[in-house]
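I opened the model to look up helix packing, a pocket and the domain division. My notes follow in the order of looking.

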Amino acid sequence: MLVMKGIVKQFPGVRALDGVDLDVRAGEVHCLLGQNGAGKSTLIKVLAGVHQPDEGTIVFNGEQVRPSSPMDAIKLGFATIYQELDLVDGLSVAENIFLGHEHAYFGFVNRPAASKAAREVMERLGHPEIRPSTEVGRLSPAAKQVVSMARALSHDARLIIMDEPSAALAHDEVANLFRIIRELTAQGVAVVYISHRLEEIREIGDRVTVLKDGRTVAVGLAARDTPTTQIVSLMTGRNVEYVFPPRGGRTLGEEVLRVEGLTAPGVFRDVSFSVRAGEIVGLAGLVGSGRSEILEAVYGARPAAGRVLLEGRPVRRGVVGTVRRGMGLAPEERKAQALILDQSVTANITLGTLPEFAKFGWIDRKRERSEAKRLSELLDIRPPDPERPIRNLSGGNQQKAVLARWLLGGLKLLLLDEPTRGVDVGARAELYAVIHDLAERGIGVLLVSSEVPEVLGLADRVLVLREGAVIHQGDATELDEHRVLDMIMNGRAA
Amino acid sequence: MSEPTTKRPVAGSTVASSVRRLGLGEMRHLGLLAALAILVVVGLVTRPDNFATTSNLVSILSLAATIGVITVGATFVIIGGGIDLSVGAVMALASVWATTVATQEQGPLVMVICALSVGTTVGLINGLLIAYGRLVPFIATLAMLVAARGLAQRMSDRKTQLIRVDNSAIVDLSTTRWLGIPLVVYIFALVVVLGWILLNRTTFGRRTYAVGGNVEAARLAGINVRRHTAVLYGLSGLCCGIAAIIIMARTTTGSSTHGDLYELDAIAAVIIGGTLLTGGRGTIVGSILGLLIFTLITNLFILNGLNTSDQLIAKGLIIVVAVLLQRRNLKERAP
């Protein structure tokens with residue numbers, strides 16, 4: 001159905017695509033794999049009409065095409081669902097779905113028709129609870145994803161490109177996403193699916209194309225049968241096992257954090273737990289189970305009743321105070337919540353502890369630079385140039401810089417929200433090692449992840465959350481993925 | 001500033017690195033310097049007799065001094081993600097307050113303190129309304145623009161208040177010269193240098209970039225964003241107070257009509273200088289170069305006896321061209 005041959009795209013100083021081939025058949029789920037920076041995003045922007053290739057041909061249904069603008073691509077039947085959702089927060093669900101092709105007569109929007117059509121699409125997607133009149137800004141990330149999907153469907157797309165659609169979704173929502181994808185492919189729609197999660201690709205994918213450094217290194221591998229080691233080695237050019245550091249070897253110290261009866265009405269209730277120095281405690285649960293909100297409440301960024309004690313003393317609400325007491329947060333939305341993208345790696349690293357590098361407000365830039373350099377070497381942040389704008393780093397290295405930020409102060413408790421989101425397989429293993437290393441230095445770690453294996457692999461102790469309540473608390477080694485999933489999805493305590 | 005990339009040069013020579021350290025080495029500043037050079041050449045060609053004279057250069061700098069000081073404050077506010085529309089009105093209010101009969105009784109020192117504290121206080125009120133009252137900066141400072149101008153009219157009864165002869169120490173700031181240059185120009189230069197240091201060498205400056213670049217990230221990194229925002233507007237107000245002293249010195253008056261539309265000139269200078277209106281990026285050097293370009297245009301039009309309306313058209317075009325070039329820069333930066 002779609003054949004791309006020899007696509008080249010040059011940016012000033014970078015050859016983002018250097019001869020990419022892609023061949024997608026009608027009714028299949030074609031997975032696109034590659035590390036950050038391999039050219040996946042550029043490739044889908046070519047399909048979406050955002051970038052025009054410098055060389056190469058695109059043939060769609062036997063005709064040579066050249067999408068010259070996003071509108072053009074949509075007219076051809078290509079719909080793209082971006083990783084960073086491109087919805088207008090201030091508009092309603094229906095308005096977002098039909099943005100650009102409104103149900104209108106002479107410029108006047110026919111609202112009843114739009115909301116009826118929106119409701120139909122939502123029902124088809126299995127989310128009738130998302131009402132057409134709701135403002136999109138009020139929706140959860142998962143619900144926004146559904147709206148994006150609805151927008152693609154409303155265009156009668158024949159080729160849907162999904163850039164990490166599952167990154168913002170919890171387990172049951174991924175199942176729903178897959179159900180929708182299967183429905184679409186049964187109707188002959190082709191899906192180009194980008195994900196870092198190999199297990200998803202095995203479940204939903206038909207064939208796999210692997211990109212590396214802007215080139216296609218493998219075309220049309222069978223998604224189910226190709227061994228993981230082969231895929232990973234194609235992506236990285238080396239054999240990397242997707243592994244967690246070994247357990248043990250860490251001695252747990254005093255209790256760092258104690259949370260008693262933490263409650264935020266409608267979000268979570270009566271949450272109590274503690275974290276010891278050198279201990280990694282994981283929170284497992286679905287999106288909406290209150291896991292990220294608990295982290296925010298501990299951090300003082302969200303009001304909640306109950307007590308939070310750091311080293312035995314209660315913390316005052318408000319981030320300024322909790323940071324001063326030695327807490328640090330690596331938030332879920334790295335770009336939106338953690339990074340100053342225009343600033344250098346150094347400035348991003350020292351952002352949280354700037355006063356320590358200053359006398360009377362005057363920054364000691366030499367010391368600042370040398371500390372940033374030390375940390376970027378310690379965490380192996382690449383490229384090893386701390387003066388580079390952080391915008392140019394890959395997701396994994398940006399995340400390391402966020403971790404480095406909190407290593408500078410006298411950090412006692414590190415809060416991690418989805419630490420490996422949007423991070424490729426190779427960099428994940430490195431991040432896991434870094435997190436372990438931090439714990440070994442006596443820092444308490446509180447970890448939230450949608451990926452159950454990640455929580456189980458990293459944490460010493462696991463709290464299982466369901467609908468805002470802790471339903472299980474215990475050693476990670478006594479649990480397996482199956483049991484945790486069973487608990488969070490069916491509500492059965494072990 | 002038409003240069004396509006902002007990538008830093010690969011570890012260059014020591015000359016290059018010291019140029020960079022001055023903040024002059026950035027490509028966009030080279031563009032501004034080029035524009036400035038072209039204007040100077042135009043001046044030399046069209047008015048060879050009186051462009052390059054000391055008196056003309058001094059008048060350019062004195063003209064630039066008033067808005068220049070305001071521009072430094074505006075640069076901080078805009079890098080911090082805000083906007084201050086009230087600057088001209090606040091300067092007028094400060095000049096009026098400092099020249100009332102009651103204030104003039106107390107002597108020149110009190111007049112200076114009065115101008116500075118009126119400016120700072122009004123700026124802090126802006127800041128508190130924006131940071132803690134959660135008003136949109138555009139609206140809060142628009143309201144302050146109207147209200148401050150009104151208060152200035154009320155206090156002065158719409159009359160121009162002359163500085164008394166026994167307070168002529170204020171006026172001396174513009175008439176006394178060091179090395180042929182009036183003291184007000186030194187004040188301007190001092191504000192620029194202090195502003196540059198504050199923005200580039202202190203935690204306050206770094207946090208200004210952080211708050212403007214990503215307010216949520218700044219908050220979660222433990223920065224007291226509200227307090228910082230309030231202080232930014234206070235700083236802008238302080239600059240208005242300093243500008244009020246300069247304009248009092250230059251005109252020997254305090255008046256509610258001082259500084260009309262200065263907010264637009266200041267914001268235009270900041271934008272031409274490459275500071276993003278969305279915050280997070282920008283430089284003091286750029287703003288000052290932008291301001292000098294603006295002032296030079298005014299000067300060239302006056303010297304050549306051209307229409308002031310044409311002058312406004314030329315300024316408008318320059319703003320548009322500058323912003324268009326900036327947008328091209330941004331686009332090419334994106335992967």
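I looked first at helix 9 of chain B and helix 12 of chain B, whose axes come within 10 Å and cross at roughly 170°. (Axes are lines fitted to C-alpha atoms, for helices over the stretch in contact, and angles run from 0 to 180 degrees between N-to-C directions.) That makes helix 9 of chain B roughly antiparallel to helix 12 of chain B. (Under 35 degrees counts as roughly parallel, over 145 as roughly antiparallel, 65 to 115 as roughly perpendicular, and the rest as oblique.) I noted the crossing of this pair as left-handed; the near helix is then turned anticlockwise from the far one by less than a right angle, and clockwise for right-handed. Helices are DSSP runs of H or I with at least four residues, strands runs of E with at least two, both numbered from the N terminus.

The model is predicted: local features need pLDDT of at least 70, side-chain atom pairs count only at pLDDT 80 or more, and totals for chains, interfaces and linings use all residues. Residues are numbered from 1 along each chain as its sequence is written, chains are lettered from A and ligands numbered from 1 in the order written, and side-chain values use heavy atoms, without hydrogens and water.

Next I took helix 3 (residues 54-79) of chain B against helix 9 (residues 183-201) of chain B: the axes come within 8 Å and cross at roughly 15°. Helix 3 of chain B is therefore roughly parallel to helix 9 of chain B, and their crossing is left-handed.

Helix 13 (residues 262-272) and helix 14 (residues 284-303) of chain B pack at about 120°, axes 7 Å apart. They are therefore oblique to each other, and the crossing is right-handed.

I then checked the second largest pocket and found 30 lining residues, with B:Ala131, B:Val215, B:Arg219, B:Val225 and B:Arg226 nearest its centre. (A pocket is an open set of points on a 1 Å grid over the protein atoms alone where a 1.4 Å probe fits, with protein on both sides within 12 Å along at least five of seven lines; lining residues have an atom within 4 Å of a point.) Helix 12 of chain B gives the most to this lining, 5 residues.
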